Amino acid sequence: MEEKRLIALLFAGTLLLGLSVVGVIGIFPSGAFDYSGDLIVESYEVTWHENGDLTERYVYSVRSAREFRMLYRNWNAALIYGEAESGYPHIRFIEGSAPDGAVAYLKTGTGGIHLFEGDNARARSLVSDLAYPNEVGIVNPDYFTPGEYIVEYTYQMVPPVEYDNDAVHINLMFADEHIPYKDVTITLISDKITDVF
């Protein structure tokens, strides 16, 4: 049997998360985006491995006081944690880091709440009340002060896969609605990728 090619398709509108800004960063000059808001992502780095491992690193820039308690990202696919293997496409959260003063959290599509680095009743209440389903992020019940906040997440992804006799097609999208992203780096690690769109 002939080996199939792997085609990674970024920015199609159907899967996991879409980072539409990535698709236009090379098209527009840097002055085309407004980075003057109260919250931006200074840098976003994502690395995807052929085995489904995915890491994300955000550097958030908070520019106003007492406005933001949660810095987060949500997924358009099922986000799970510590649950049994499933037969449907999903993203399994493995671990995350939070800067001092913040608590990393996850809210599954079914409403399950997981706090990391200790259980804080105020943080749990905020996540329960305000987080979207399939959301991961950091929370500071006392609000984030102006400054930069570095957050890292590790996942195991099981995306939907389309294939024919010649190729395997995987849709990887990294955000569809978002605050401005100033600098974006996407790394796909596989010796089988033939095309990236």
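**Two sheets and a helix**

Okay, let's start with the first sheet: six strands, open, in the order 5-6-10-3-2-13, and the pairing is mixed. Two strands pair if DSSP finds at least two bridges between them. Strands here are DSSP runs of E, at least two residues, and helices are runs of H or I, at least four residues, both numbered from the N terminus. At the edges sit strand 5 (78–80) and strand 13 (184–189), each pairing on one side only. From one strand to the next, the twist averages 25°.

Quick word on where this comes from: it's a predicted model, where local features need pLDDT of at least 70 and side-chain atom pairs count only at pLDDT 80 or more, while totals for chains, interfaces and linings use all residues. Residues are numbered from 1 along each chain as its sequence is written, and side-chain values use heavy atoms, with hydrogens and water left out.

Now, inside that sheet, strand 3 (residues 53–62) and strand 10 (residues 147–158) run antiparallel, joined by 10 bridges. Look for Tyr-58: standing opposite is Val-151 in strand 10.

Next, Val-41, which you'll find in strand 2 (residues 39–49). Is Val-41 buried or exposed? Buried, because its relative accessibility is 1%; the cut-offs are under 20% for buried, over 50% for exposed and partly exposed in between, with a 1.4 Å probe and protein chains only. Beyond its neighbours within four places in sequence, Val-41 is in contact (heavy atoms within 4.5 Å) with residues including Tyr-58, Tyr-60 and Pro-180. Val-41 and Pro-180 are 139 residues apart along the chain, yet their C-alpha atoms are separated by 6.2 Å.

Over to His-90, in strand 6 (residues 90–97). His-90 also counts as buried, because its relative accessibility is 1%. Its side chain reaches the backbone oxygen of Tyr-88 at 2.8 Å. Leaving out neighbours within four places in sequence, His-90 is in contact with Ala-78, Ile-80, Gln-156, Met-157 and Val-158.

On to the second sheet. This one is open too, with 4 strands in the order 4-9-7-8 and antiparallel pairing. Strand 4 (70–74) and strand 8 (113–116) are at the edges with a single partner strand each, so one side of each has no neighbour in the sheet. Strand 4 pairs with strand 9 (residues 135–139) over 5 bridges, in the antiparallel sense, and Arg-73 stands opposite Val-136 in strand 9.

Last stop: helix 2 (residues 121–130), which lies across strand 4, strand 7 (103–107), strand 8 and strand 9.

Terms used: A polar contact is a pair of N or O atoms within 3.5 Å; within protein, one must be able to donate a hydrogen and the other to accept it, and residues adjacent in sequence count only if both atoms are side-chain atoms. Axes are lines fitted to C-alpha atoms, for helices over the stretch in contact, and angles run from 0 to 180 degrees between N-to-C directions.
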